[in-house]
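Here is a short tour of a protein model, written with the bench in mind. Please have the sequence and the 3D view open as you read.

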Amino acid sequence: MNYSYYPGCTLKTKAKELDRYARSAAEALGITLNELPEWQCCGGAYTAANNEIATKLSAVRALMAAEEKGEDLVTLCSACHNVLKRVRDDLLNDEGFAFKVNQYLKPEKPYEGKTRVIHYLELLRDTVGFDAIAEKVMSPYAGTKIGAYYGCLLLRPGKVLAMDDPENPKIMEDFIRAIGGEPVIYPYRNECCGGYVTLEDKEMAKEKSRAVLNSAVGFGSDLLITACPLCLYNLNAVGTDTRVLYFTELLARALGAAD
């Protein structure tokens, strides 16, 4: 199974473990991730301004590069996944945006954004299958109570990202079951950690992240997993004893693929 792969900026700097464990787990599952050779920053955040084109062009270029290779585009970072899927939706449903993009980039033929964007978790669920993953687990997390932390960007807006129910998701809980763990359902699993507010008000971000951690621990979580580098940073900045890890690390360790 071959896929184009968009790592994004943070996975090359502060979130190298999210990337490294994803690659080793993919290899163990028979998945080939072909990193796009000339990818650029996705923009970091999706802007809803209708006249904002320039900051979305790097996402368009990534979509075009994957389509030229005839491959779906896999992402890991929640922010990158959010931006790429929403820009693709703009290309498909906003004729004005698509026209301006093609005027900027001047491709040989008009680009329509047909490349599928797939989050790594979707790949595990829909292509590999959680049952198949469970069969390959060598070191199950038996007896470990794991809280899934979705955050804001992974699932919303629900109609565009179309990954799971944004109010009552289960993809990460099903993943936890596949690696032998016990998922913990807690009220704050899809609430905001403080996001980019941490850049100007660290205490507010800590307050929101602390609420998430207290909720998870209060419902019995031994540790939390996430797909978002910013979420992991904010949650760890609170300074509690609760471990917050990337879901790819648990997957790689469960498969015996952690180096």
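The notes below cover a sheet and then the cysteines. Keep in mind that this model is predicted.

**The sheet**

Let's begin with the strands. Four of them form an open sheet with parallel pairing, in the order β2-β1-β3-β4. At the edges sit β2 (32-35) and β4 (117-119), each of which pairs on one side only. Ignoring direction, neighbouring strands of this sheet are turned by 40° against each other on average.

If you would like to trace the pairing by eye, start from β1 (residues 2-6), which pairs with β2 in the parallel sense over 4 bridges. A handy landmark there is Asn2, which stands opposite Thr32 in β2. Helix α1 (residues 16-28) joins β1 and β2 in a right-handed β-α-β unit. Elsewhere in the sheet, β3 (residues 73-75) pairs with β4, also in the parallel sense, over 3 bridges. Here you can look for Thr75, which stands opposite His119 in β4.

**The cysteines**

How many disulfides does a search of the whole structure find? The search finds 0. Two cysteines are worth a look, each listed with its closest cysteine sulfur.

| Cysteine | Closest cysteine sulfur | Sulfur distance |
|---|---|---|
| Cys152 | Cys192 | 3.5 Å |
| Cys228 | Cys231 | 3.5 Å |

Why is there no bond between Cys152 and Cys192? Their sulfurs are 3.5 Å apart, which is too far for a bond, because a disulfide needs the sulfur atoms within 2.5 Å. The sulfurs of Cys228 and Cys231 are likewise too far apart for a bond.

The surroundings can be read from accessibility: Cys152 counts as partly exposed at 27% relative accessibility, while Cys228 counts as buried at 6%.

Terms used
Residues numbered from 1 in each chain as written. Predicted model: local features only at pLDDT ≥ 70, side-chain atom pairs only at ≥ 80, totals over all residues. Heavy atoms only, no water. Pairing = 2+ DSSP bridges. Helix = DSSP H or I, 4+ residues; strand = E, 2+ residues; numbered from the N terminus. Axes fitted to C-alpha atoms, helices over the stretch in contact; angles between N-to-C directions. Right-handed = clockwise from strand over helix to strand, strands pointing away. Buried < 20%, exposed > 50% of the residue type's maximum accessible area, 1.4 Å probe, protein only.
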